[in-house]
Amino acid sequence: MAGGQELKLLGLWASPFVLRSRIALNLKGVGYEFLEEVPGTKSELLLRSNPVYKKMPVLIHNGKPICESMIIVQYIDGVWDAAGPSILPSDPYDRAIARFWAVYIDDKWFPSLIKIIKAKADDEETAEAREQVIAGLQLLEEAFEKCSKGKDFFGGESVGYLDIAFGCYWGWLKAGEKMAGIKLLDEEKTPLLMGWAERFCSADAVKELMPEVDQLVEFGNMIRARQNAAAAN
Amino acid sequence: MADKVILLSSWVSAFGLRVQIALAEKEVDYEFREENLFDKSPLLLELNPVHKKIPVLIHNGKPVCESSVIIQYIDEVWTNGPSLLPQDPLQRANARFWADFVDKMIYQCGSRVWKNKGDAQAAAKKELIGILKQLEGELGEKPFFGGETLGYVDIVLVPFSSWFYTYETFGGFSIEKECPKLLAWVRRCNERESVSKVLPDRHKVYERTCGLKKRLGLE
């Protein structure tokens, strides 16, 4: 980090969106101050820095806030472009494909996973969400084959944009399986993804940041209990 | 080798129109193919199997989907024209943020204004006015969201202006009254041919929406 630069990240250890920013900063070897939010509350700094959505993560660089997780990742890639490999693919078409899948994962796939994490019973809605998550994993298995071009990551030789976009959810994917008591991952159906996930989770920039699945389950149960209590009142 | 560019879209889709404006800004020659959204072409279904939606840009046979992704692709491939996204990383992040805001907010809120009645419609109307005011605030005193010239956010937002008359007529309010600076910005955008030649007539959009409401049984 160049002298005189001030870099803060507002976030929470359990948030997959915050994890994206931290992985990107690690990939570039950039130091920052991590300001951890208290679950269930929003700090004044957060509300001031992200008045539109009041959500984390927020990256504050020399006093200027940047919001929305994948926008933050692209910002980091742009500012520290000389430090470390490029996060976005260099070819415009590969970039478009990576961006397309990142949008799909956030807009379509993750909402289905959330339904499973929040599921109160093994009902029709949960069954439908399960089908959607599994179908999505199949699509991403095919996408991995095309994007990786035989290499270790979606981004090729190193962790890239789509690795970060998808990989951040891996802990919650496994936590969701435990919380709902249903199987989502299948080594036989998505062998490439399973191999990729192992490499992603053990990558230098990622390994110390990935939360333990049991900790996520505990966190998820805590949030759920809090929401149930609030609903009951 | 000359570029072959095809756009699968619809004259009334705000998401497709923004791609048309971007292509016009870059002076890219392309073939426009109108899709019937109730009878989608085999090509569309083949090239966007995940969403089966327009717009789809086909560049030398390769498909690009998702309008915001397409515009960034156009900006990165055709570099001889004006830059649509800012060069500075912070300004670029800001442009992406507001374009994403437009995407998250306007279509779904505007749809609720023309699809609903009574309290639901009133709530949607209030929300839509709030969203437009937020955008007006972001525009500030600048001629365009992009600064002195038309940029990414302008291109992403301006097609919705063809829908303003529809929202106003169904919702019973005046966007000009609520957000006069935004309307001034719309007029400014229309001084550019890339915008004025592409945007559909607002009455045609309204008529089409009336027809759609009937078809969807929402009368």
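## Two annotated domains in chain B

UniProt, in an unreviewed entry, places the feature "domain: GST N-terminal" at residues 3–82 of chain B. In this predicted model, that span is 36% helix and 21% strand, and its end C-alpha atoms lie 19 Å apart.

The annotation "domain: GST C-terminal", also from an unreviewed UniProt entry, covers residues 88–216 of chain B. Here the make-up is 74% helix and 0% strand, with 45 Å between the end C-alpha atoms.

## Where the chains meet

Let's turn to the interface. Chain B brings 25 residues to the contact and chain A brings 22. Together the two chains bury about 2100 Å², and carbon and sulfur atoms give 71% of that area.

Charged pairs take part as well: the rule finds 3 salt bridges across the interface of chain B and chain A. A salt bridge joins the side chains of B:Glu76 and A:Arg99, at 3.1 Å from N to O.

## The second largest pocket

For anyone curious about cavities and grooves, here is a pocket to look at. The second largest pocket has a volume of about 810 Å³, and 39 residues line it. Chain A supplies helix 4 (92–118), helix 5 (124–148) and helix 6 (161–167) among the elements giving two or more residues to this lining, while chain B supplies helix 2 (42–47) and strand 4 (62–65). Helix 4 of chain A gives the most, with 7 residues.

Which residues lie nearest the centre of the pocket? They are A:Ile97, A:Trp101, A:Ala143, A:Lys146 and A:Cys147. By class, the lining holds 22 nonpolar, 8 polar and 9 charged residues.

Notes:
Residues are numbered from 1 along each chain as its sequence is written. Chains are lettered from A and ligands numbered from 1 in the order in which they are written. This is a predicted model: local features need pLDDT of at least 70, side-chain atom pairs count only at pLDDT 80 or more; totals for chains, interfaces and linings use all residues. Side-chain values use heavy atoms; hydrogens and water are left out. On a 1 Å grid over the protein atoms alone, a cavity is a set of points where a 1.4 Å probe fits but cannot get out, and a pocket is an open set with protein on both sides within 12 Å along at least five of seven lines; lining residues have an atom within 4 Å of a point. Grid points are joined across faces, edges and corners, and a volume is the space filled by probe spheres set on the points. Helices (H or I, at least four residues) and strands (E, at least two) are DSSP runs, numbered from the N terminus. Ala, Val, Leu, Ile, Met, Phe, Trp, Tyr, Cys and Pro count as nonpolar, Asp, Glu, Lys and Arg as charged, and the others, Gly among them, as polar. UniProt positions are given in the numbering used here, feature names are shortened, and annotations may be inferred rather than shown by experiment. Contact means heavy atoms within 4.5 Å. Buried area is the accessible area (1.4 Å probe) that two parts lose on being put together, summed over both. A salt bridge is a side-chain nitrogen of Lys or Arg within 4 Å of a carboxyl oxygen of Asp or Glu.
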